[in-house]
Amino acid sequence: MEPTAPSSATESIVVSRCVQICQSKSCRKLGAAGVLAAFQLQPVVNVEVTGCGCFGQCGNGPIVVVSPDQVWYCGVQADEVGSIVDRHLKNGQPVKAMLYPKFHPALHR
Ligand code: FES
């Protein structure tokens, strides 16, 4: 008997990375809604994009966190999302110039 491909009803979606974009007050003032929208316009296979609550890093936003990589980006603008998508999410290389120096001091710039 030939093995059969799983039906769409039984297939599970494998999420390898999760991108969380803070949508709380301070980050929204700095453009977080546009950042979330920009990620949603550039979907990547096996990457989940979601808005979330405050990371406690207000004033440094918009804050974007990529898991399980434990990579934090700060001050992300909508027109910079393409760099994160292409370099980090598709090629596994965090964008050093955009890393949050508080958590990535050795890698920043
Ligand atoms: S509002 Fe975004 S980190 Fe606090």
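Helices and strands here are DSSP runs, numbered from the N terminus. The model you have open is predicted.

**Whole chain.** Colour by secondary structure. You should find 3 helices and 4 strands. Starting at the N terminus, trace the order β-α-α-β-β-β-α. Now switch to burial. Of the 109 residues in the chain, 25% are buried. Contacts also span the sequence: of those linking residues at least 6 apart, 64% join residues at least 24 apart.

**The core.** Which residues have the most contacts inside the largest nonpolar core? Select Ile21, Val35, Phe39 and Tyr73. The core they sit in has 24 residues. Next, highlight β1 (17-22), α2 (32-40), β4 (71-73) and α3 (81-89); each supplies at least two residues of this core. Keep α2 selected: with 5 residues, α2 gives the most to the core. As background, nonpolar side chains in soluble globular proteins tend to be buried together.

**Val35.** Zoom in on this residue. Set aside its neighbours within four places in sequence. Val35 is then in contact with Ile21, Pro62 and Val64. Add Val76, Gln77, Ala78 and Val81 to complete the set of Val35 contacts.

**Gly59.** Move to the loop between β2 (47-52) and β3 (64-67), where Gly59 lies. Is Gly59 buried or exposed? Gly59 counts as exposed, because it has 11 C-beta neighbours inside 10 Å, and the cut-off for exposed is 12 or fewer. Last, select Cys27 and draw a distance between C-alpha atoms. Gly59 and Cys27 are 32 residues apart along the chain, yet their C-alpha atoms are separated by 7.1 Å.

Conventions
Residues numbered from 1 in each chain as written. Predicted model: local features only at pLDDT ≥ 70, side-chain atom pairs only at ≥ 80, totals over all residues. Buried ≥ 20, exposed ≤ 12 C-beta atoms within 10 Å, placed from the backbone. Core = buried A, V, L, I, M, F, W, Y, C linked by C-beta atoms within 7 Å. Contact = placed C-beta atoms within 7 Å.
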